[in-house]
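Subject: Structure handover

Hello,

Here is the structure I said I would pass on. My notes on it follow below.

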Amino acid sequence: MENQSTENIKEISRQLRRDIIKMLVISQSGHSGGPLGLAEVFASLYFKVLNIDPKNPNWEERDYFFLSAGHLAPIWYATLSRRGYFPIAELSTLRKINTRLHGHPAPHKTHGLPGIEIASGALGQGLSNAVGVAIGLKLDKKKNRVFVLMGDGELNEGNIWESMMTANHHSLDNLVGIVDRNFCQIDDRTENVMKLEPLADKWKSFGWNVIECDGHNVEEFIFSCETAKKMKGAPTVILAKTFMGNGVSFMQDDFRWHGVPPSTEQGKIALSEISQTSLGDFIKFDWEN
Ligand SMILES: Cc1ncc(C[n+]2csc(CCOP(=O)(O)OP(=O)(O)O)c2C)c(N)n1
Ligand SMILES: [Mg+2]
């Protein structure tokens with residue numbers, strides 16, 4: 001497990017946002033809003049919380065991570081490369097022909113990336129995948145944990161609620177769900193498309209422990225994960241409040257940025273708003289100084 005300080009994790013979060021903007025400006029295709037809103041969550045998971053070994057992605061003792069909402073791939077790709085799963089320069093191949101950085105994630109064995117266990121993109125399936133693995137680990141008396149990240153709009157999928165029941169039925173205290181609670185989805189605010197509130201009460205009524213936190217506050221999010229790990233007898237969900245497009249003023253909290261990339265001009269502004277870090281960019285545009 002990497003054990004970075006919270007200050008370093010904040011620095012890494014800024015770098016991940018820069019990476020996302022650059023990947024999307026280059027590809028001119030892909031999702032901006034959700035990925036930008038998850039920089040602190042991914043930096044905290046991969047640089048503090050998860051028990052993983054990037055040099056040995058299939059390590060038997062690893063914690064499993066599933067990205068159920070596969071369209072959030074750009075933040076996962078940026079994080080995996082910064083954590084050492086594959087070369088950082090490869091980020092410039094997002095959505096290109098023959099890339100391993102597909103629009104939606106694919107596992108290594110099907111020309112995807114190391115660290116990706118299963119394909120996602122069809123919403124609603126990741127929690128079922130995670131429940132299956134968590135049951136298997138329990139049967140094998142293993143200590144590995146299973147983390148799964150879902151979008152809030154994704155919770156409209158009925159499949160999610162079936163696996164919520166299953167996780168409770170099997171007392172899966174080795175399972176941690178994380179919901180990206182940004183109140184936005186593909187074409188409107190979540191509460192206009194399909195009302196989710198009172199969301200915490202719904203998870204509780206399905207037998208889950210519920211932790212609510214600020215998904216942009218690294219200390220709070222890490223504390224929530226550590227608390228979730230200690231819970232016994234039932235699965236835990238972390239409802240992480242985030243803002244779509246966080247860090248870029250003209251994208252912030254605006255569902256219209258769900259699935260479009262910034263133009264070059266917009267990318268320039270975005271990068272100027274996301275401060276430089278000391279970690280180093282994978283590409284410098286000619287308009288950067
Ligand atoms: C089964 C299925 N239905 C519909 C879609 C199309 N779709 C992609 S993302 C999305 C909205 C997801 O909302 P949310 O999980 O909140 O993600 P965010 O907009 O916050 O990034 C939809 C409906 C899909 N990918 N899979
Ligand atoms: Mg959402």
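The crossing of α3 over α4 is right-handed. The model is a predicted one, and that applies to everything below. Helix α3 covers residues 39-49 and helix α4 covers residues 73-82; they pack at an angle of about 35°, and their axes lie 10 Å apart. On the α3 side the contact is made by A39, F42, A43 and Y46, and on the α4 side by I75, W76 and T79. Sorted by class, this contact has six nonpolar residues, one polar residue and no charged residues.

How many residues of α3 are buried? Eleven of the eleven are, so the helix is largely enclosed by the rest of the structure. The buried set includes the four that meet α4, namely A39, F42, A43 and Y46. Among the others are E40 and K48, which are buried as well.

Next, the core. The largest nonpolar core has 80 residues, and those touching the most other members are F42, I75, A130 and I238. Helix α1, residues 6-27, gives the most to this core, with nine residues. Two of the names above also belong to the helix pair: F42 is on the α3 side of the contact and I75 on the α4 side. For I238, leaving out residues up to four places away in sequence, the contacts are V176, I178, I211, C213, S224, C225 and A228.

Ligand 1 has 19 residues around it, of which G34, G151, G153, E154 and Q185 come nearest. By class, this shell is made up of six nonpolar, ten polar and three charged residues.

Two of those nearest residues, G153 and Q185, turn up again as contacts of T190, together with D152, F183, C184 and L196; residues up to four places away in sequence are not counted. T190 lies in helix α7. Is T190 buried or exposed? T190 has 22 C-beta neighbours inside 10 Å, and because the cut-off for buried is 20 or more, T190 counts as buried. T190 and G153 are 37 residues apart along the chain, while their C-alpha atoms are separated by 5.9 Å.

The loop between β5 and α10 holds two residues I looked at, T242 and D253. T242 is buried, because 25 other C-beta atoms lie within 10 Å. Its contacts, again without residues up to four places away in sequence, are G37, L38, D180, R181, N182, G215 and H216. From T242 to D254 is twelve residues along the chain and 12 Å between C-alpha atoms. D253 has 16 C-beta neighbours inside 10 Å and therefore counts as partly exposed. The backbone of D253 should be noted: phi is near 60°, a positive value in a residue other than glycine.

N98 is another such case, with phi near 70°, again positive in a residue other than glycine. N98 is in the loop between α4 and α5. With 6 C-beta neighbours inside 10 Å, N98 counts as exposed.

H111 lies in that loop between α4 and α5 too. H111 counts as exposed because it has 11 C-beta neighbours inside 10 Å. Not counting residues up to four places away in sequence, H111 touches R100 and A106. The C-alpha atoms of H111 and T99 are separated by 8.1 Å, with their positions twelve residues apart along the chain.

Helix α5 contains G136. G136 has 12 C-beta neighbours inside 10 Å; the cut-off for exposed is 12 or fewer, so G136 counts as exposed. G136 and W161 are 25 residues apart in sequence and, C-alpha to C-alpha, 20 Å apart in space.

One last backbone item. Which peptide bond is cis? The bond from E197 to P198 is, with omega near 0°. P198 is found in the loop between α7, residues 190-193, and α8, residues 199-205.

Regards

Conventions
Residues are numbered from 1 along each chain as its sequence is written. Chains are lettered from A and ligands numbered from 1 in the order in which they are written. This is a predicted model: local features need pLDDT of at least 70, side-chain atom pairs count only at pLDDT 80 or more; totals for chains, interfaces and linings use all residues. A residue is near a molecule or strand if its C-beta atom, placed from the backbone, lies within 6 Å of it. Ala, Val, Leu, Ile, Met, Phe, Trp, Tyr, Cys and Pro count as nonpolar, Asp, Glu, Lys and Arg as charged, and the others, Gly among them, as polar. Axes are lines fitted to C-alpha atoms, for helices over the stretch in contact, and angles run from 0 to 180 degrees between N-to-C directions. A crossing is left-handed if the near helix is turned anticlockwise from the far one by less than a right angle, and right-handed if clockwise. Two residues are in contact if their C-beta atoms, placed from the backbone, lie within 7 Å. A nonpolar core is a set of buried Ala, Val, Leu, Ile, Met, Phe, Trp, Tyr and Cys residues joined through C-beta atoms within 7 Å.
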